[in-house]
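Open the structure in your viewer and keep the selection panel at hand. The stops below say what to select next and what is there.

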Protein chains: 4
Amino acid sequence: MIRVLVWNEFMHEKDEDNKASSIYPDGIHNYIAGFLGKEEDIEVSTATLDDENCGITKERLENTDVIIWWGHCGHHKVPDEVAVLVQEAVLNGMGAIFLHSAHKSKPFMRLMGTSCSLTWRESDDLERVWVNVPSHPIAQGIGRYFELPGEETYGEPFGIPTPDELIFTGWFEGGEVFRSGCTWTRDNGRVFYFQPGHETYPTYKNPDVQKIILNAVRWCNPVIRIPDAMDCPCLPRVHSFNK
Amino acid sequence: MIRVLVWNEFMHEKDEDNKASSIYPDGIHNYIAGFLGKEEDIEVSTATLDDENCGITKERLENTDVIIWWGHCGHHKVPDEVAVLVQEAVLNGMGAIFLHSAHKSKPFMRLMGTSCSLTWRESDDLERVWVNVPSHPIAQGIGRYFELPGEETYGEPFGIPTPDELIFTGWFEGGEVFRSGCTWTRDNGRVFYFQPGHETYPTYKNPDVQKIILNAVRWCNPVIRIPDAMDCPCLPRVHSFNK
Amino acid sequence: MIRVLVWNEFMHEKDEDNKASSIYPDGIHNYIAGFLGKEEDIEVSTATLDDENCGITKERLENTDVIIWWGHCGHHKVPDEVAVLVQEAVLNGMGAIFLHSAHKSKPFMRLMGTSCSLTWRESDDLERVWVNVPSHPIAQGIGRYFELPGEETYGEPFGIPTPDELIFTGWFEGGEVFRSGCTWTRDNGRVFYFQPGHETYPTYKNPDVQKIILNAVRWCNPVIRIPDAMDCPCLPRVHSFNK
Amino acid sequence: MIRVLVWNEFMHEKDEDNKASSIYPDGIHNYIAGFLGKEEDIEVSTATLDDENCGITKERLENTDVIIWWGHCGHHKVPDEVAVLVQEAVLNGMGAIFLHSAHKSKPFMRLMGTSCSLTWRESDDLERVWVNVPSHPIAQGIGRYFELPGEETYGEPFGIPTPDELIFTGWFEGGEVFRSGCTWTRDNGRVFYFQPGHETYPTYKNPDVQKIILNAVRWCNPVIRIPDAMDCPCLPRVHSFNK
């Protein structure tokens, strides 16, 4: 069983004047949890900014295999302590998937160490997401590309450390390109950043997007949990000169 | 002119009971600044924990091309704000060289996003540093390897993101290996971590170590400074359909 | 079922004056096939230089999921056409594990594009293989390190492209270090190089070595086979301007 | 002085029915040599398929710092021995820049080990080349992007090993994206692949393209030449047990 926690700031969807409220009336987190929860090997729960301490404790993360994070205008509302808990859980082995505007979330920025900046524009551009690595587990079932009729445009340069793997590259009608699907290993944990998912578009209803998130959950699922990744143990000599 | 700032916590060298006080009576920072300052293309200054705000301001870093950082037991005494200033200066283009126990310094940990942990032991092991990439600018003038008669032993796993380049690997008499020379790019800045340099050994007096630090200063020297690396600009469409 | 083909030049083991003949009387290939074949999910076959065309055809490789290659003094006896078949099968998705002196085999050199050179010595050095990435699937069940009482010493620089992942680093009693476990992706196929395994030592009888080879077989098992990886298709425009 | 050799198959430009004959009447090689030769620090020569042995000998390459290679329909006419000479010179330290359709040249394919395949189309698409890494030496003086009013469209997946650095990404009017500027290190030599440059467009007359090729020549210029990169020396123990 892969235990997934879908975290969402859950702000836009509660705003009647924001399209997100009609696209995801129960919140992006519940929508994503909905399709993930249908899988036999996935057990999903959710948390938001509204929950006490963002619904995140050390114990809860010890019992989470993969966290999925969506945030946009509420990054600053996430306490530093929560961001540290998420970062340390990843270093210990928990997988993490950061979606769209989560590139500027506290946990993602802590794990990357860089600006995570980019250029952006809301102009209803068509986006076409191309597969760079057809053999990657995250890209299975996708084909050469898929299209989103409207998305928020993101553009390079994307202020990230060189990804271990660049799986998807986005083409935007307005002229930009973007490194839309990237993986990194951070100590014992795997991290996947996936660019599509602006709240005013039904992106998470797209079957290719759902497939990718599902593939990514299985790819991020920890191989092993090593709870003391932060330690610096003092260890004795191993060289004995006697064979 | 490459403007170098050598930052050192400057604690052990002021402790009469610590060997560092006789090896580096004026402090590791002044010793390193001494040999770097002899180069015609290098202009060097120093700063320590004793200086106001660690001697670090946004303006000073804007006028620094490469910072060299040595710290060990005083990491916690560096204010978070100072660590953020160093990190952001690197993202904007300033080069950074982290020496030995600076693997656990606040600026290095911010730039890496990982535990930066390792195993360690003080047992006077001989260390032999091997060159993995003889054509790397940082490895020029070194030969196949060099030896340090005594060093603090560091061992794997080293909790770092996969280095962009692994330049040196250390062999320790007590049985360990270590990724002793690693580079990363962080947005516009270059980072080099170099493992040798425990305060109770005259490591910085070793000519190969000095050559490597000098090479690294020149390698880290910024290609360009981009002061707004942290920004996320909103930019108009570039696609005109009119060619 | 993972279909594994163990390929060995099978020369030293037939030479009575070579220790390999008493350590692996049926050949290294049959020894490795022996322990792999005990796994329920693995179906193993073997081939050697003695077989017609090295026992390698396009069809056989299409029905092979992972090839394991051991060669030393007979690299030149492998026809270029066989090396090309192996390379292309990897590009289409077949996994490949190259052991020890196979660093200079024709298929490995074709896949790397580099010299694949190193320094070497036969002096009965103890080797200690350290794990750099404890969370890697190939390193599971290994612990911090394992020891081989005697091995042929390999030393840096190792003329390989920067590995995608460095999983193991070797420490040799005679003073060297070596990048002993490396992975690369080559188009749709995964490649793992593992340094231990000189024919005059019972290395493949070591349980950690067996565990690693078994883990590697499962890690290299193709995600997908794409038979036309070599093609350059001419494809029509996808951009329709009509959303 | 950087000694550059510009190699071009020089076939299309001699065909009256091909636009290349009017765009580059003296051949792409002479056009590129023309603008490079204006630089004070560059000494340029050329060679083509018409020259004896393609104008390439071991001695000539020992005296070449950077080779630039353009080929398209004549890859098969380059003898394997010439491709091996180029590959080995790169391994020894010579820099190499492969332009456009040279992705399928024998030297580039030898150095990569992969299919080097891609999708393509000649449909006069506008291409916009974006800069992923503004601080990279090759990207200096370029700005956020530059445009080519018409180019041959290349599309992913591009069958290359993961580049060490991805410097440019291309956006094509017809809907594709492509990893248009990539670097790799191959033993002691640096390799840069740059996608623009179809022979029926005046791409090499574009000032940004010229700037990039010039920057790349300086970036590829060897740090060191190590003539015996292919050797595997047998070396004595360095560990003495006596410090």
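## Stop 1: chains C and D

Select chains C and D together: 41 residues from chain C and 41 residues from chain D make up the contact. Keep in mind throughout that this is a predicted model. Between chain C and chain D an area of about 3,000 Å² is buried, and carbon and sulfur atoms give 52% of it. Now pick out Trp120(C), Cys232(C) and Arg237(C), the residues of chain C that lose the most area to chain D. Together they account for 19% of what that side buries.

How do the two copies meet? Of the interface residues of chain C, 100% are also interface residues in chain D, so the copies meet through the same surface.

Next, look for the axis. A turn of 180° with a shift of 0.0 Å along the axis lays chain C on chain D, with an RMSD of 0.0 Å. That is the relation of a two-fold axis. To find the axis from chain C, select Gly113(C), whose C-alpha is the nearest to it in that chain, at 2.6 Å.

## Stop 2: polar links between C and D

Stay with the same pair of chains. How many salt bridges cross the interface of chain C and chain D? The rule finds four. To see a salt bridge, show the side chains of Asp125(C) and Arg237(D), which meet at 2.5 Å, N to O. Polar contacts between chain C and chain D come to 20 residue pairs, with both residues at pLDDT 80 or more.

Colour the helices and strands of chain C next. The elements that give two or more residues to the side touching chain D are α4 (80-92), α5 (106-112) and β5 of chain C. Which of them gives the largest share? It is β5(C), with five residues.

## Stop 3: strands β5 and β6 of chain C

Select residues 119-131 of chain C, which form strand β5. Then add strand β6, residues 145-155 of chain C. The two strands run antiparallel and are joined by eight bridges. To see residues that face one another across the pair, select Trp130(C) and Tyr145(C), the latter in β6(C). Strand β6(C) is mostly covered, with eight of its 11 residues buried.

## Stop 4: chains A and D

Hide chain C and show chain A with chain D. Here 23 residues of chain A are in contact with 23 residues of chain D. The area buried between chain A and chain D is about 1,700 Å², with 63% of it from carbon and sulfur atoms. In chain A, select Trp130(A), Trp171(A) and Val177(A): these lose the most area to chain D, together 28% of what that side buries.

The rule finds zero salt bridges across the interface of chain A and chain D. It does find eight residue pairs in polar contact there, both residues at pLDDT 80 or more. Strands β5 (119-131), β7 (165-172) and β8 (177-186) of chain A each give two or more residues to the side that touches chain D. Of the elements on that side, β7(A) gives the most, with five residues.

## Stop 5: Cys220(C)

Return to chain C and select Cys220(C), which lies in helix α6 (residues 207-220) of that chain. Is Cys220(C) buried or exposed? Its relative accessibility is 1%, so Cys220(C) counts as buried. Beyond its neighbours within four places in sequence, Cys220(C) is in contact with several residues, including Asp65(C), Val66(C), Arg190(C) and Phe192(C). Finish with a distance: from Cys220(C) to Ile167(C) is 14 Å, C-alpha to C-alpha, and 53 residues in sequence.

Note on methods. Residues numbered from 1 in each chain as written. Chains lettered and ligands numbered in written order. Predicted model: local features only at pLDDT ≥ 70, side-chain atom pairs only at ≥ 80, totals over all residues. Heavy atoms only, no water. Buried < 20%, exposed > 50% of the residue type's maximum accessible area, 1.4 Å probe, protein only. Helix = DSSP H or I, 4+ residues; strand = E, 2+ residues; numbered from the N terminus. Pairing = 2+ DSSP bridges. Least-squares fit on C-alpha atoms with pLDDT ≥ 70 in both. Contact = heavy atoms within 4.5 Å. Buried area = accessible area lost by both parts, 1.4 Å probe. Polar contact = N/O pair within 3.5 Å; in protein donor to acceptor, adjacent residues only side chain to side chain.
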